[in-house]
Amino acid sequence: MKRKKIKKFLKATSFAVIFAICCGIIIQPTENNVVHSVTTSELEEKINELKKQNEDLDNQISQIDADIADSQELQNLAYQKLVNQKEEIDYLNNQIYYKEQDISDKQKAIEDLDDSIKLKEAEIEDKKQQIADLEQQNKENIYKFGQIIRVMYITSNEDVFSVLMGSQDFNDLLIRTELMKNIGEQNERFMNELLASIDDLEEKNRQLADNIVQLQAEQKKLEEEKAELEAEKADLETKCAESKTLQAQYNSDYNTYSTQIADFEAKQDNLEYQKKLNASEVADYEEQIQELIRAAQAAASGDVIYDNGEWLWPLSSKYHLITTYFGYDSWRNGNHSGIDVGNSGINGANIYASKGGEVIVAKQSYVPGYSYGKYVVIDHGDGYSTLYGHCSEVYVSVGQKVNQGEIIAAVGSTGWSTGPHLHFEVRINGVPQNPFNYVSLPG
Ligand SMILES: [Zn+2]
């Protein structure tokens with residue numbers, strides 16, 4: 001069955017241990033798999049080197065902080081300029097809009113004048129036609145008058161004087177004279193009226209022509225004003241284009257600084273990561289030192305480690321007084337989930353990991369009089385775990401990998417305990433088992 005054997009003696013004189021710690025002589029805390037072939041002073045040296053590296057990293061990070069601050073200042077300036085350009089562009093665009101409105105108004109006025117001029121020109125054409133008609137009528141009148149005279153006097157082969165002289169009597173003369181006079185006066189009146197009409201029309205045409213000249217002058221003035229507005233608008237557009245160029249430049253500056261800052265931050269992240277790696281290495285080395293110290297302490301205490309081939313007795317083999325066994329306990333009037341080991345003088349004794357594994361509980365705080373007090377649980381895989389209760393000190397932390405035989409805590413009387421003892425449990429999938437199915441009682 002279980003062949004009891006003494007696996008390891010870590011016996012040494014206290015002088016040798018103190019010598020080993022002070023001089024950093026190689027100490028092997030466990031002999032199972034990992035051999036710590038380094039000394040405490042070598043570890044201290046590594047820790048100091050890493051701490052120095054981290055100081056350098058801190059300096060580099062601070063320097064980059066300054067670089068970031070510089071870039072941010074420049075970026076803020078670029079941003080301010082960007083905002084100013086945007087305001088200017090908005091202002092110029094407004095101005096351009098108003099100019100366009102003005103230009104459009106001028107254009108409308110010019111077109112209105114065009115229409116007025118065209119109307120006047122049409123009126124002139126109309127009047128010219130009327131004048132031509134009247135002149136034609138006048139010509140016809142003169143011709144008709146001539147015809148009358150011809151019919152009356154010339155066709156009878158007598159001239160006017162003869163007609164008058166040929167009057168048979170005075171009365172006849174008077175009649176003839178009056179007749180001629182009437183015809184003449186009538187015709188003259190009619191012709192005068194025609195001439196007056198023509199004069200009138202010509203006068204109106206002159207006025208219309210004057211009007212046209214006036215309108216054209218007005219139009220010319222408007223065209224000049226419009227050209228001026230267009231020049232102003234072109235000027236504004238040039239300024240706007242310049243502003244947009246600047247805006248693009250400032251925008252690009254802003255983005256450049258963003259990239260710069262991101263690069264700096266990435267560098268810092270890298271340095272921070274390096275720092276974390278170093279810190280974790282430091283923690284590892286510090287843990288190794290603690291292990292070496294505890295191993296030295298184990299050696300100094302003259303502990304004899306005892307196992308049955310697979311599981312270690314969690315204490316020095318000299319501590320093997322069982323004060324409470326696993327199972328029903330009349331004193332508790334209930335089941336005891338492990339074994340209690342309570343030799344006198346056990347307080348402060350080293351507690352060893354019964355098997356290698358990962359620490360899943362490392363309770364440092366506790367309520368006096370209740371539960372396990374300060375305690376450790378190690379997960380060994382395959383559903384197995386061990387629990388070490390009522391400790392005075394816990395040396396390990398959650399997540400830490402421990403080797404079989406590694407010192408994990410010190411015996412105490414914390415929690416529900418009436419005196420210093422180790423409460424030791426073995427569990428499968430959380431269910432307490434009789435530890436003696438796994439460990440053997442030394443001696
Ligand atoms: Zn107990």
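**Figure 1. The side chains of K233 and E237 meet in a salt bridge, with N and O 3.8 Å apart.** A salt bridge here is a side-chain nitrogen of Lys or Arg within 4 Å of a carboxyl oxygen of Asp or Glu. Both K233 and E237 belong to helix α4, where they sit four residues apart, about one turn of the helix. (Helices are DSSP runs of H or I with at least four residues, strands are runs of E with at least two, and both are numbered from the N terminus.) Are these two residues buried or partly exposed? K233 is buried, at 19% relative accessible area, whereas E237 is partly exposed, at 38%. Buried means under 20% relative accessible area, exposed means over 50%, and partly exposed lies in between (1.4 Å probe, protein chains only).

This is a predicted model, in which local features need pLDDT of at least 70 and side-chain atom pairs count only at pLDDT 80 or more, while totals for chains, interfaces and linings use all residues. Residues are numbered from 1 along each chain as its sequence is written, and side-chain values use heavy atoms, with hydrogens and water left out.

**Figure 2. D200 and K204 form another salt bridge in helix α4.** Their closest N and O atoms are 3.6 Å apart. Helix α4 covers residues 170-301, and the two partners are four residues apart in it, about one turn of the helix. D200 is partly exposed, with a relative accessible area of 40%, and K204 is partly exposed too, at 37%.

**Figure 3. In helix α2, D90 pairs with K86.** Here the closest N and O atoms of the salt bridge are 2.9 Å apart. Because D90 and K86 are four residues apart in helix α2 (residues 40-154), about one helical turn separates them. Both are partly exposed: D90 has a relative accessible area of 38% and K86 has 42%.

**Figure 4. D58, E272 and K275 are linked in a network of salt bridges.** How many salt bridges are there in the structure? The count comes to 17.

**Figure 5. A zinc ion is held by H336, D340 and H423.** Its protein donors are NE2 of H336, two OD atoms of D340 and ND1 of H423, lying 2.0 to 2.7 Å from the ion. Donors are N, O and S atoms within 2.8 Å of the metal (3.2 Å for Na, K and Ca); water is not among the atoms, so sites may look incomplete. Along the sequence, the donor residues follow the spacing H-x3-D-x82-H. H336 in strand β5 (residues 334-336) and H423 in strand β13 (residues 422-428) are 87 residues apart, so this pair links distant parts of the chain. Both histidines, H336 and H423, are buried.

**Figure 6. C240 and C391 are both buried cysteines.** C240 has a relative accessible area of 4%, and C391 has 0%. How many disulfides does the structure hold? It holds zero disulfides, a disulfide being a pair of cysteine sulfur atoms within 2.5 Å.

**Figure 7. Confidence varies along the chain, from helix α1 to strand β13.** The pLDDT, the predictor's confidence in each residue from 0 to 100, averages 85 over the chain, and 85% of the residues score at least 70. Among the elements, helix α1 (residues 14-23) has the lowest mean pLDDT, 36, and β13 has the highest, 98. Over residues 1-36 the pLDDT is below 50, and this stretch has 69 contacts (heavy atoms within 4.5 Å) in the model beyond near neighbours in sequence.
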